[in-house]
Amino acid sequence: MKRILGLILFVVISVQVCGQTDMQVIKKRLVKELLKVEVDDSVVTQAMATLKEDGSWPNVDYSDLSLVGYEHAIHIANLEAMAMSFSNKESKFYRSKRLKADINKALAFWCAHNFISDNWWHNIVLTPRTFVKIALIMEKDIDPELLEKLQPMIRRARKEEPWARQSADRVKICSIEAQNYVLRGEEEKFAEIIKVIVDQINIMTGYRGMQCDFSFHHRVHRVNNTISYGLGYGENCALWAACVVGTKYAFSEEKTRLLVDYFLDGLCKQMVYGMYDEKGVANRDITRPETDLIYSFIPMENLLHATDYRCTEIQEIIDLRRGKTDKPTLSFCKFFWQSEHFVFQRPDFYSSIRMYSTRNRNMELAHNSEGIFNHHKSDGANHLAVRGDEYLNIWPVYDWQKIPGTTVLQKNNLPSVQEIQKDGLTDFVGATTDGLYGVVAFDFISPHDNIHAKKSWFFFDEEYVCLGAGIASNHFRCPLVTTLNQSLLRGDVIVSNTDGGVKMATGEHVIDQANWVYHDGTGYLFPQPVKINLSNQTGSGRWSDINLQSLSPKELVYKDVFKLWIDHGVRPQGVSLWLYPGPMDTREVTYQYMVVPHTSPGQLNRDRGIEILSNTSMVQCVRHAPLGIVQVVFYEAGSVAIGDDQWVSLDSPGVVMLKIKEGRVFQISASDPSRKMSRFHLGLSGQDAVTINLPRGEFSGSSVTINL
């Protein structure tokens, strides 16, 4: 009996020791992770110089607690910067007695007033997150009385809060709660909260959270939130995966691998080269000044600490973000069918297409008066990056009705901020890809202006083709334009027309019979000479014009801007109203152009072996002869000639890509953008008809590839 009691006692003591050891290990790792952020001593110098005797700062309006106010965030940011410098050996303020006193003074001021914002996020996320971080890295240097006074504010971050909603918010809030349990050594509560975080690493298609295509939805209206809420979700999960690895709280291999897949196939593929901000996926956050051009490598290092799964791919992203590698080795093409977002990468360029349909809404609401001009940002927006900084902080001077890739009615003013978010009006929205090449289809009807256009994009290794057909408008005064690009002006703009290559003077130009335009290493080719509009001049504006938050900078900003567009005119399809019954005086209005990134003017006149075989409201088709690829968008059942005595037919609307060798199709990729069909019947000249079984359920709208 004594032996059994002794064994039980040994086990209990061992578990306790092990638990304490695990918590000590986790705390050490956590503090190390929190201190990885680079310090900015200049910010600390300014904060210390302006700190008032009562612990406040003179440039903060402490009386404004409104949704668009709350300059208290400056106080919070100053405290965090000061605590980081105090705790970091790389800082000149490391262990500074004066800085320590100032931090305690500023904390005491906050505790005395306990500021509560009208925006829940400040109360439940920003303040608790900052204070628990400061408490962890300065635990022995904060007055004990102050540490206790901070606890009620830190504990506002609780999983029981109504705002701790499924996925991103829950993980974010539970991460703060977990840090506080580590701070206080509360093992049982820590074990419970880690389980909550791990349980959020799940595929939640159709709900808040990670979708089966590795995009991310934060709200129920299915707007793409991958690089906003989805990034914070992933980074918090990666932090804890690294902190608890090798302890009894460690994530399962299944959860860790799913997290890695989400980072590599979701987050990183919606970033330029896995390192720069991709403007197509941005929502209201696009109207905040961008300070960090490159994403942090720390979350990727956390994944490496947690697992060796896909470690080579993770390491390449780390090397890119740390500047150890110049360009990515990975080429890919991916369509996020749950979010209707398409991305394409080659080592020398990255491009994206953002769309929406009856299944998804177009854009995030202008919460807290941010992103107030985002009405058309998803109307087939086609952003292009070669370096990654092509659109860096252009937004105060931006023309929000000339978004790259979109066909937009040029109104005198955009609708009200309440009119930004809309349901899509068409269901034929999608893309077909084999993972390396792809074709995108957008049967576009504007929910804002009811203009129509059949828009498609055809992606190859060195270029992509952009087609539009059936372009029509019912408005009598406002012209309709398709914008090729609007980016920062870098260097000369050269135009080739009947007069040869001409360097354009600064200003706004209308050019007849243009063959191509060259700017900033990218060429815009027109298979048939076309009239274009071009602007290369300085614009001005203020961040506070596009973002009504009180902290939005109010200084006048000047930026040199390049804009290139095609003006289709007022009601370009003809005189009669095509929406009404009766005879219609209409014509097929189209556009066609090719984008060639990472090139030079001398390369723009060469024959690329690319042919536009059809550009109508019924079918759009492009052949790339050197690659042996034909891509087709069928807006209705029909057939199209793809070569001498060659044709392809489809028995319903759909998007197909054919790979051809020696005159015969050997591979077919297909998808159903409308998501109504279970199979296609595809006809090929000289070959047997092919039945293609399409993905269904949550994979409906994704691509299938078959070999013949």
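Biologist: How many aromatic pairs does a search of the whole structure find?
Modeller: The search finds 27 aromatic pairs. One of them is formed by Tyr-233 and Tyr-262, with 5.6 Å centre to centre and 80° between the planes. This is a predicted model, in which local features need pLDDT of at least 70 and side-chain atom pairs count only at pLDDT 80 or more, while totals for chains, interfaces and linings use all residues. Residues are numbered from 1 along each chain as its sequence is written, and side-chain values use heavy atoms, with hydrogens and water left out.

Biologist: Why is the pair of Tyr-233 and Tyr-262 called edge-to-face?
Modeller: Rings of Phe, Tyr and Trp (its six-membered ring) pair if their centres lie within 6.5 Å; planes under 30 degrees apart count as stacked, over 60 as edge-to-face and the rest as tilted. The centres of Tyr-233 and Tyr-262 are 5.6 Å apart and the planes make 80°, so the pair is edge-to-face.

Biologist: What does this pair tie together?
Modeller: Tyr-233 lies in helix α9 (residues 229-244) and Tyr-262 in helix α10 (residues 253-267), so the pair joins parts that are 29 residues apart in sequence. Helices (H or I, at least four residues) and strands (E, at least two) are DSSP runs, numbered from the N terminus. Both Tyr-233 and Tyr-262 are buried.

Biologist: What makes Tyr-398 and Trp-400 an edge-to-face pair?
Modeller: Their centres are 4.9 Å apart and their planes 75° apart, so both cut-offs are met. Tyr-398 is buried, as is Trp-400.

Biologist: How do you know that the charged end of Arg-571 sits over the ring of Phe-476?
Modeller: A charge sits over a ring if NZ of Lys or CZ of Arg is within 6 Å of the ring centre and within 35 degrees of the ring normal. Arg-571 is 4.5 Å from the centre of the Phe-476 ring, so the distance cut-off is met. Arg-322 likewise lies over the face of Phe-297, at 4.4 Å from the ring centre.

Biologist: Why are β3 and β6 said to stand at the edges?
Modeller: The sheet is open and has four strands in the order β3-β4-β5-β6, with antiparallel pairing. β3 (332-336) and β6 (381-385) each have a single partner strand, so one side of each lacks a neighbour in the sheet.

Biologist: What makes β3 and β4 a pair?
Modeller: Two strands pair if DSSP finds at least two bridges between them. β3 and strand β4 (residues 341-346) have five bridges, in the antiparallel sense, so they pair. Phe-336 stands opposite His-341 in β4.

Biologist: How do you know that the length of helix α8 agrees with its residue count?
Modeller: The expected span is 1.5 Å times one less than the number of residues. For the 13 residues of α8 (residues 187-199) that gives 18 Å, and the end C-alpha atoms are 18 Å apart, so the two agree.

Biologist: Why is Cys-212 in no disulfide?
Modeller: A disulfide is a pair of cysteine sulfur atoms within 2.5 Å. A search of the whole structure finds zero disulfides. For Cys-212 the nearest cysteine sulfur, that of Cys-333, is 17 Å away, so the cut-off is not met.

Biologist: Why does Cys-212 count as buried, and why is Pro-601 called partly exposed?
Modeller: Buried means under 20% relative accessible area, exposed over 50%, partly exposed in between (1.4 Å probe, protein chains only). Cys-212 has 9%, so it is buried. Cys-111, at 16%, counts as buried too. Pro-601 has 25%, so it is partly exposed. Pro-601 lies in the loop between β18 (591-596) and β19 (610-615).

Biologist: What makes strand β25 largely enclosed?
Modeller: Six of the eight residues of β25 (residues 664-671) are buried, so the strand is largely enclosed by the rest of the structure. Strand β24 (residues 654-661) pairs with β25 in the antiparallel sense over seven bridges, and four bridges join β25 to strand β28 (residues 704-707), also antiparallel. Met-657 stands opposite Ser-669 in β25, while Ala-670 stands opposite Val-704 in β28.

Biologist: Which residue in the turn between β24 and β25 has a positive phi?
Modeller: Glu-662 does, at about 55°, in a hairpin with two residues between the strands. In the hairpin of β22 and β23, which also has two residues between the strands, Asp-645 takes a positive phi near 55°.
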